[in-house]
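Here is a short report on charged side-chain pairs. Please look over the sequence and the model first.

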Amino acid sequence: MWFNLIAVVVLGVAVAGVVMLAFKAVGRKPPRWILPVMAGAAMMTYTLYNDYSWFSRTAGALPGTVTVARTYEQTHPLQPWTYLVAPVNRFVAVGTVVAAPGDTGYRLAEVHLLQRYVPTATAAMVFDCAGGRRADLVDLDGFDASGQPVGGAWRPLAQDDPLRAIVCERGGPPSA
């Protein structure tokens, strides 16, 4: 976030300097209003570009094995234009998916939580595709001899949940 603030200020100063040099090169004095208007326009343009392209730049940099499952948009009162078109400021992506041990139908998935200005969090989750639920792997007490998860705080998943669809589709048939 601090990098963006510094970049915006440096950009504003640089654009004002270029405009001033352009007027000096043609031998005219710039109107008093042109430098702040040009600097402000450049700063606003960069801010909009940076806000609205964050998701596409970040998702585009992910490896091909990672699939974006869900995006979240956010509005902010200090950025009134976000009420017209809200930018994506966080998303959930699915990485590696494997069938759980045994013939259980469970899937183990690596789920990445990416948010702007926040370090990426990765969670290992267990998905019960038939039962429509998931649990964090760290919440489980392990797996029994037949490969069934023991304990854990299971959370229900809607039938049309994109995370469920991606994990249960990519897991392949359960391993024997």
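The sections below take the salt bridges in turn.

## Overview

This is a predicted model. It contains four salt bridges. Side chains of opposite charge can pair when their charged atoms come close. Three of the pairs are described here, among them Arg116 with Asp51, Arg70 with Asp161 and Asp128 with Arg133.

## Arg116 and Asp51

Arg116 and Asp51 join through their side chains, with 2.7 Å from N to O. Arg116 sits in the loop between β3 (106–115) and β4 (118–128). Asp51 belongs to helix α2 (residues 34–60). The pair therefore ties together parts that are 65 residues apart in sequence.

Both partners are out of the solvent by the cut-off of under 20% relative accessible area: Arg116 is buried, and Asp51 is buried.

## Arg70 and Asp161

Arg70 makes a salt bridge to Asp161, and their closest N and O atoms are 2.9 Å apart. Arg70 is part of strand β1 (residues 67–73). Asp161 lies in the loop between β6 (155–156) and α3 (162–170). This contact therefore ties together parts that are 91 residues apart in sequence.

The two ends differ in burial. Arg70 is partly exposed, at 28% relative accessible area, whereas Asp161 is buried, at 11% relative accessibility.

## Asp128 and Arg133

Asp128 pairs with Arg133 in a salt bridge. Their closest N and O atoms are 2.9 Å apart.

Which partner is buried, and which is partly exposed? Asp128 is buried, with a relative accessible area of 10%. Arg133 is partly exposed, at 27% relative accessibility.

Key: Residues numbered from 1 in each chain as written. Predicted model: local features only at pLDDT ≥ 70, side-chain atom pairs only at ≥ 80, totals over all residues. Heavy atoms only, no water. Helix = DSSP H or I, 4+ residues; strand = E, 2+ residues; numbered from the N terminus. Buried < 20%, exposed > 50% of the residue type's maximum accessible area, 1.4 Å probe, protein only.
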